[in-house]
Amino acid sequence: MKNTVVMKGTRSGIILVLDDKISYDELKLDVAEKFRTSAEFLGAAQKAITFQGRRLTEAQKLELVDVIHRHCNLNIVCIMEDDPAMEQAFRQSMERTLIEKEANSGQFFKGSLRSGQVLDVETSIIIIGDVKPGAKVVSKGNIIILGALKGNAYAGADGNTNAFVVALDMQPIQIRIADTIARSPDKPERNHLKETKIAFWLEGNIYIEPLDKDVMNDIRL
Amino acid sequence: MGEVIVITSGKGGVGKTTTTANVGTGLAMLGKKVVLIDTDIGLRNLDVVMGLENRIVYTLVDVVENTCRIKQALIKDKRYPNLYLLPSAQTKDKTAVSPEQMKKLADELRDEFDYILMDCPAGIEQGFKNAIAGADRALIVTTPEVSAVRDADRIIGLLDANDIRDNHLIVNRLRTDMVREGNMLSSEDVVELLGIDLIGVVPDDEQIVIATNTGEPLVGSEAKAGKAYMNICKRVLGEEVPFLDLEETKSFFEKFKAIFKKS
């Protein structure tokens, strides 16, 4: 295969690097060939496309998109200008919205997590059920367990130290908040009281306390 | 240069993990630098038996996939500073590692440790193949039951086919009273059926259940099974330790009971 058409994937789109030495008609055939052979790999995703390496007229760009549509199942939803400054701005605004979304929204999960099961979510998570020993919940936001936490919980997985873990019965094996890890005591407590507790991060340590009014006032979202 | 020992049985539930924990801890008590590797990916237990479950951050699979360095995944035991555990992953399965990767890992650990103990999963599939890949010798655990002995025989054959011929037998959970009444195979019977050297007999002991549940290996304690495991450790090191024959074990136990009754 000649390297007249090089495909690069980004998070939301495809960058197509085109050769500017060969003729446009030849290029069109190469683009068709490239997408036909990669059709299976690419699947039927929705993508934005950026053309690089060759100056194209608007008509040519549209024609190439048409060629792509005919040879694979991709859905090219827009053509992006090859402009690093603009891309940077796009990315920043996208990440900002994502972070806000993570902190302020949540989802529910009903059922118990058993040994070996991992629940990994981008947002905060409310589990209606137990997290058993050997099971793990990972969230970029907060974790609230309406049941017993007897396994591992990892809140603020992308470094948010304001994240917390709440459980109606708090007996975790390990709790992580941001980059801090706390493990259970080696000797199990004699008289374990079933009460709602919160695990939070403060100055590099993880504290577990009963969930009372004072603690609730200190919660920052 | 460290030695890699695989602890295997074929059948499940005969005491591989308990044996690994106790022999490993015993060797560490005798001053050796030891690492225990749990190769039972997906059904890990050794960390629980050792009481180290709450310390797990990285696992065997992370090491093999190069997401962390070996040093980061090794958990130092809470009792003996020269004893380490490499825990298994709970969320993957046996196919997450290959025998070649296990062999490489074992060879890397040889430089630093005197003994590398591999806790083998039950069965003869991928997990077994992974566990025996780097092994120099094997401890085969069996209970005095026909089914367990049958599986052990198959295992010895498979080890032999993989050029692991320095094999020793541990007869676990022997009940002297039942043997005397002729209701259980004796350790001599098992040795005769399997045709390999005996390295230890561990009596059935309820202390083992307590030790497993509290995460404190029994080896070195005054309990019968604790003594038996310590003897096995000494024999692993090449020491000549006389076997307690069945009657002697029995009379000792009687004495033990008598003391308790008096007080």
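## Two chains, and how chain A is divided

Chain A is split into domain 1 (5-82) and domain 2 (102-218), with bounds that come from an automatic or database domain assignment. The C-alpha centres of domain 1 and domain 2 of chain A sit 46 Å apart. This is a predicted model, in which local features need pLDDT of at least 70 and side-chain atom pairs count only at pLDDT 80 or more, while totals for chains, interfaces and linings use all residues. Residues are numbered from 1 along each chain as its sequence is written, and chains are lettered from A and ligands numbered from 1 in the order in which they are written.

## Overall shape

Chain A has a radius of gyration of 25 Å, where a compact globule of 221 residues would come in near 17 Å. That radius is taken over C-alpha atoms, and the globule rule is 2.2 Å times the number of residues to the power 0.38. Along its principal axes, the C-alpha trace of chain A spans about 80 × 35 × 25 Å. Chain A's secondary structure adds up to four helices and 15 strands; helices (H or I, at least four residues) and strands (E, at least two) are DSSP runs, numbered from the N terminus.

Chain B has twelve helices and eight strands. Its radius of gyration is 18 Å, close to the 18 Å that the globule rule gives for 263 residues, so chain B is as compact as a globular protein of that length. The C-alpha atoms of chain B fill a box of roughly 55 × 40 × 30 Å along the principal axes.

## Burial and contacts

In chain A, 26% of the 221 residues are buried, and in chain B 49% of the 263 residues are. Here a residue is buried if 20 or more other C-beta atoms lie within 10 Å of its own, exposed if 12 or fewer, and partly exposed in between, with C-beta atoms placed from the backbone.

Now take contacts between residues at least 6 apart in sequence. In chain A, 36% of them join residues at least 24 apart; in chain B, that figure is 76%. Two residues are in contact if their C-beta atoms, placed from the backbone, lie within 7 Å.

## Where the chains meet

Ten residues of chain A and nine residues of chain B make up the contact. On the chain A side, three are nonpolar, five polar and two charged. For those classes, Ala, Val, Leu, Ile, Met, Phe, Trp, Tyr, Cys and Pro count as nonpolar, Asp, Glu, Lys and Arg as charged, and the others, Gly among them, as polar.

## The cores

The largest nonpolar core has 77 residues, and those with the most contacts inside it are B:I5, B:I116, B:L117, B:M118 and B:Y229. Helix α11 (residues 224-236) of chain B gives the most to this core, with seven residues. Another core lies apart from it, with 27 residues, including A:A135, A:I145, A:A155 and A:I198. A nonpolar core is a set of buried Ala, Val, Leu, Ile, Met, Phe, Trp, Tyr and Cys residues joined through C-beta atoms within 7 Å.

Leaving aside neighbours within four places in sequence, B:Y229 touches B:N22, B:V23, B:G26, B:V202, B:L218 and B:V219.

## A kinked helix in chain A

Helix α1 (residues 24-42) of chain A has a kink of about 35°, centred on A:R36. The bend at a residue is the angle between axes fitted to the seven residues ending there and the seven starting there. A:L27, A:V31, A:K34 and A:F35 are buried in this helix, and the buried residues of α1(A) pack against β1 (5-9), β2 (13-18) and α2 (58-71) of chain A. Just after α1(A), A:G43 takes a positive phi of about 70°.

## Some single residues

A:I144 is in strand β9 (residues 143-149) of chain A. With 22 other C-beta atoms within 10 Å, A:I144 is buried. Beyond its neighbours within four places in sequence, A:I144 is in contact with A:I126 and A:V166.

Two residues other than glycine have a positive phi: A:A178, at about 55°, and B:D163, near 65°. A:A178 is in the loop between β12 (174-177) and β13 (180-183) of chain A, and counts as partly exposed with 18 C-beta neighbours inside 10 Å. B:D163 is in the loop between α7 (146-161) and β7 (166-174) of chain B, and counts as exposed with 8 C-beta neighbours inside 10 Å.
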